Amino acid sequence: MCHGGEAYQKAPHSATLHLDATGYIAMTSEPTHPEREPPAGDGRTALGKDALINAFLDDLFYVQGKFPALATKNDYYMALSYAVRDRMLQRWISTAAEYTKRGSRTVSYLSAEFLTGPHLGNNLVNLGIFDRVRAAMAEIGMDLDDLLRQEVEPGLGNGGLGRLAACFIESLATLEVPSLAYGIRYEFGIFHQVISDGWQVEKTDKWLHYGNPWEVIRPEWAVDVKFGGRTEQYVDEQDRLRVRWAPDKTVCGVPYDTPILGYHSNTANTLRLWRAEAPESFDFATFNSGDYYGAVNQKITSENLSKVLYPNDERLRGKELRLEQQHFFVSCSLQDMLRILRGQKIPLRQFHEKFAVQLNDTHPAIAIAELMRLLVDENQMPWADAWYVTCNTFAYTNHTLLPEALERWPLDVFGRVLPRHLEIVYEINARFLDEVRIRFMGDEERISRLSLIDESGERCVRMAHLACVGSHAINGVAELHSQLLKTDLLKDFYDLWPHKFRNKTNGVTPRRWMVLSNPRLSTLISERIGGGWVKDLAQLRALEPLIEDREFRERWRAIKLENKRDLAALALRETGIVIDPDSMFDVLVKRIHEYKRQHLQVLHIVSLYRRIKSDASADVQPRTFIFGGKAAPGYRAAKLMIKLITAVGDVVNRDPDVRDRLKVVFLPKFNVTNGQRVYPAADLSEQISTAGKEASGTGNMKFCMNGALTIGTLDGANIEIRNEVGAENFFLFCLDAPEVCRLKERGYRPLDHYEDNAELRDVIYLIRGGFFSRGDADLFAPLIDDLLINDPYMLLADFQSYTQCQARVSTAYRDTQRWTRMSIMNTARSGKFSSDRSIREYCADIWNAKPVPIRLITHKDARTGLKP
């Protein structure tokens, strides 16, 4: 036995960590076959097993300040994370040094959301040391899986938008493209979902409660951001009329940096998140006057800006706070880019040559007005020159086809929060409409539609219009979505500037969504076709000849079954519901929304339930229906949909007549962590949104990569998935987008479908009559009555097609060999849906960004830069 740090320093080979009676570490050497270590590095960069053990113990003692008798599992997780981060820092610093030396063109990705998921596992995969760390932890009595479970994932996103951003920045690093991602360091992220009596209950997401080992604070790069107040005109030294902004509030933005590591690459780019602070945390004069609350009030008010993801904007103050959040992070980010420009001695007029700034939806669109303010007001650049720089800097990604989802700010709110920006928007609009009048002379309706200011009803600033006018490129995120932008949502802008529009179909990173999430399948694939597919997903096509290999199909099915057992264990822990891994896992996990039509799936479940109750011998394929997703706190219909799912599940799951054939599970707090268990285990992926409503979807891609078959509509990226995997390997139903439009134009009457379909009438009767709500006929009346009277997303029109398609699914699933062949084909042809492909297309077509290989610098290299 020895004390403290000396123990592990004296262990020449593998050692087991245990405690003596005093609680200090004791190490027992055990002879093993020597392992060939990777290339040597210093104590903080070496990747060998012994070096990793030593680093882990170092950080437990000297960073966490704990020894095992006092250490918790979280302390062990933190120690391991710091050890891994040390190995990333060499790559991070080397990357920054190379970019600075070269003045590399940089992609700046502005997004209000980054749903990164847990960092530790992904970083181990990308460093190429996952198995080595598992072995190292096992040698000292630790279970890596236990440590991975300790990480609280950052809830810095609401769904697909934030997850896409996370996939993109990982692909940028993997492809060695210089990039800086900017967002907000929300203290409280997306709410923690609890299901109580079948209802969603929102709890605070305290993701920072135990600290975040992956971030590095950079207070020396803090910036000030202005709000409110008034503007003043003045004449400068050259007798030019200028505008000065006199704000009534200033907030300090402090950057917190997280390294984003590429897969088997030396590149580590930066995710820079801004935290709001008061310029002065404590007002002594106010305190001494006896106003103790007032002394800290500015601090509290300022920090509210980065307190919570997407404050409820139903009330006026919520609207203001959300607009303040958006301005806060884009102003911080643009000022940071200007700092980098100055540091690299690049002229201001070359801003657009240094930075390609991508607006991830309309949330950061205020950046266009803010860059104009910084260039014109703060740096005295002439308006025309500043507008040229601005338009050549920004590109805009649209993520929605729902007009109500395009952000609009009432003029009084916008002017009160950002008075100078409102003046700039007015000026941009005036000059823009002059151009429109010349192009479309006399077309006043078109001018009204294109204006940045909506004059109908409450006057508002149209943020999507600002993004279109101030960007050199506008893209959708799936082929259908991009086409509908041109013909519908943004048609007037397409008529004006067709050259701006293009498509960039979304993608997801296979490192997280296959290698980390589905290690069994990834290992099998690499055994048969090599490991190159991880960075070139198109290589999965090499699996196609193996479809006729019986042994390969058996292993494929065995892996799926093991993944289903893992998910069944998770469902039991989270819900207490026992599910059968041998049943078909029919999965619908995504944000709860009426257009995503989770309630169409419920209608199908009730139809199956009623069929079994009417005929005990009915031929119904055993299925487990798995739902997951969160409803926005203020979205009452979506929360009622969750209640409907859980209410139907309560009845179905306890009915002995159907218990072995149908199960319904609502998996709470669906997030990246749970997604890593769900996607590999699914047999059937439900992608059933109304045609023409889903921009793209990315969950559909994750399911496809992991061998799930899709039942879906011709919506979003479903169309491209079907084109890639083959119509025979995809279950299609529903009206297509043009049919939806024609039906609405003719006057859609949902009651016609209700009256013509006896099965649908019986299903509606059971729900509306209170069968699933303990006799309360009023509980689900708002949902059902809306379907019968309005049905804006055409559930009743698609019900018959959907149930018939589900019957084809059941038939296919019974043929095990056929289903397995279809599953392998889905994975083999999923290569298009890698985010690496998406990023390559953005780089070539929008950003004009090139890879920059990174050479790792060492202590010796760094020492030469120190002055004596």
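In this predicted model, Lys 669 sits in the loop that runs between strand 22 (662-667) and helix 25 (672-681). Its backbone is worth a look, since Lys 669 has a positive phi of about 45 degrees although it is not a glycine. Most residues other than glycine have a negative phi. With a relative accessibility of 22%, Lys 669 counts as partly exposed. A second lysine can be set beside it: Lys 345, which is not a glycine either, has a positive phi of about 55 degrees. Lys 345 belongs to the loop between helix 10 (316-343) and helix 11 (351-354), and with a relative accessible area of 73% this residue is exposed.

Another loop residue, Thr 690, is found between strand 23 (684-687) and helix 26 (699-705). Is Thr 690 buried or exposed? At 1% relative accessibility Thr 690 counts as buried, and, when residues up to four places away in sequence are not counted, Thr 690 touches Tyr 595, Arg 597, Asp 715, Val 740 and Tyr 793.

From the loops the reader can turn to the strands. Strands of a sheet pair through backbone hydrogen bonds, either parallel or antiparallel. Strand 18 (473-476) takes part in two parallel pairings: strand 14 (residues 394-397) pairs with strand 18 over three bridges, and strand 18 pairs with strand 19 over three bridges. Within these pairings, Thr 397 has Asn 475 of strand 18 as its bridge partner, while the partner of Ile 474 is Phe 501 in strand 19. The side chains of strand 18 alternate, with Ala 473 and Asn 475 pointing one way and Ile 474 and Gly 476 the other way, and all of these residues are buried.

Helix 18 (residues 479-489) can be read together with this strand. The buried residues of helix 18 are Leu 480, His 481, Ser 482, Leu 484 and Leu 485. In an α-helix, which has 3.6 residues a turn, residues three or four places apart point the same way. The buried residues of helix 18 pack against strand 18 (473-476), helix 19 (491-496), strand 19 (501-503) and helix 27 (718-725).

A separate open sheet consists of three strands in the order 15-17-16, with antiparallel pairing. Its edge strands, each of which pairs on one side only, are strand 15 (408-410) and strand 16 (453-454). Strand 16 pairs with strand 17 (residues 460-462) in the antiparallel sense over two bridges, and here the bridge partner of Asp 454 is Cys 460 in strand 17.

The next topic is the packing of the interior. In soluble globular proteins, nonpolar side chains tend to be buried together. The largest nonpolar core holds 113 residues, and those that touch the most other members are Leu 110, Phe 328, Phe 351, Phe 414, Phe 432, Phe 493 and Trp 847. Helix 10 gives the most to this core, with 11 residues. Apart from it lies another core, of 86 residues, among them Met 88, Leu 261, Leu 546 and Ile 559. Leu 110 has many partners outside its own stretch of chain: leaving aside neighbours within four places in sequence, Leu 110 is in contact with residues including Tyr 182, Phe 329, Val 330, Met 337, Val 357, Leu 359 and Pro 364.

Helix 10 also appears at an open space in the protein. The second largest pocket has a volume of about 530 Å³. Of the 22 residues that line it, Ala 96, Thr 100, Trp 221, Thr 270 and Arg 272 are the closest to its centre. Helix 3 (73-102), strand 4 (179-184), strand 12 (268-277) and helix 10 are the elements that give two or more residues to this lining, and helix 3 gives the most, with seven residues.

Finally, how many disulfides are there? The count comes to zero, where two cysteine sulfur atoms would have to lie within 2.5 Å of each other. Two cysteines illustrate the result. Cys 252 is buried, at 13% relative accessibility, but its sulfur cannot form such a bond because the closest cysteine sulfur, in Cys 332, is 7.9 Å away, which is too far. Cys 805 is likewise buried, with a relative accessible area of 0%, and its sulfur is also too far for a bond, because the closest cysteine sulfur, in Cys 734, is 9.4 Å from it.

How values were computed
Residues are numbered from 1 along each chain as its sequence is written. This is a predicted model: local features need pLDDT of at least 70, side-chain atom pairs count only at pLDDT 80 or more; totals for chains, interfaces and linings use all residues. Side-chain values use heavy atoms; hydrogens and water are left out. Buried means under 20% relative accessible area, exposed over 50%, partly exposed in between (1.4 Å probe, protein chains only). Helices (H or I, at least four residues) and strands (E, at least two) are DSSP runs, numbered from the N terminus. Contact means heavy atoms within 4.5 Å. Two strands pair if DSSP finds at least two bridges between them. A nonpolar core is a set of buried Ala, Val, Leu, Ile, Met, Phe, Trp, Tyr and Cys residues joined through side-chain atoms within 4.5 Å. On a 1 Å grid over the protein atoms alone, a cavity is a set of points where a 1.4 Å probe fits but cannot get out, and a pocket is an open set with protein on both sides within 12 Å along at least five of seven lines; lining residues have an atom within 4 Å of a point. Grid points are joined across faces, edges and corners, and a volume is the space filled by probe spheres set on the points.
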